[in-house]
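This report covers the overall fold, the sheet and one loop residue of a single protein chain. The sequence and model come first.

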Amino acid sequence: ISDSPGLVGTLSPDLFMYMDQLRIIAFDGTQIGGTIPTEIGQLQFLTFIVFSDSLISGQIPSEIALCESLDSLAMSNALITGTLPTELANAYELNNLELQKNEL
């Protein structure tokens, strides 16, 4: 769904509860906003999360580190605030972390 500026809304926790086999979340270049639900941690097979150039806001939930296969977390130029969750240090598969142009 990348680069769809007409896509507007927020992320519902229900989206993550029933998509446990999901491998990629890419809402970059969209008008998707709101916070990242903690339920994202239920997606064990998730490898790529891309929210760059979106309206995603708030803190990165610590539960994101529960995504055991996470290789890339890209949230540059969004509205992310706070500090990085210390749990990300345990995300051993994480090779790419892009958080530029946020309020961290």
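The text below goes from the whole chain to the sheet and then to one serine.

The model is a predicted one. Its secondary structure amounts to one helix and eight strands. Along the sequence these elements follow the pattern β-α-β-β-β-β-β-β-β. Overall values for the protein are listed here.

| Property | Value |
|---|---|
| Box of the C-alpha atoms along the principal axes | roughly 35 × 30 × 20 Å |
| Residues counted as buried | 40% of 104 residues |
| Exposed area | about 5600 Å² |
| Share of the exposed area from carbon and sulfur atoms | 52% |

The radius of gyration is 12 Å, which agrees with the value near 13 Å for a compact globule of 104 residues. Of the contacts between residues at least 6 apart in sequence, 50% link residues at least 24 apart.

Four of the strands make an open sheet with parallel pairing, ordered β1-β3-β5-β7. Its edges are β1 (8-10) and β7 (79-80), each of which pairs on one side only. Strands of a sheet pair through backbone hydrogen bonds. Between β1 and β3 (residues 31-34), which run parallel, there are three bridges. In this pair, T10 lies opposite G33 of β3.

S52 sits in the loop that connects β4 (48-50) with β5 (55-58). Is S52 buried or exposed? The residue has 7% relative accessibility, and because buried means under 20%, S52 counts as buried. Leaving out residues up to four places away in sequence, S52 is in contact with F27, D28, G29, A74, M75 and S76.

Methods
Residues are numbered from 1 along each chain as its sequence is written. This is a predicted model: local features need pLDDT of at least 70, side-chain atom pairs count only at pLDDT 80 or more; totals for chains, interfaces and linings use all residues. Side-chain values use heavy atoms; hydrogens and water are left out. Helices (H or I, at least four residues) and strands (E, at least two) are DSSP runs, numbered from the N terminus. Buried means under 20% relative accessible area, exposed over 50%, partly exposed in between (1.4 Å probe, protein chains only). Contact means heavy atoms within 4.5 Å. Two strands pair if DSSP finds at least two bridges between them. The radius of gyration is taken over C-alpha atoms; the globule rule is 2.2 Å times the number of residues to the power 0.38. Accessible areas come from the Shrake-Rupley method with a 1.4 Å probe; for residues, only the protein chains shown count as cover.
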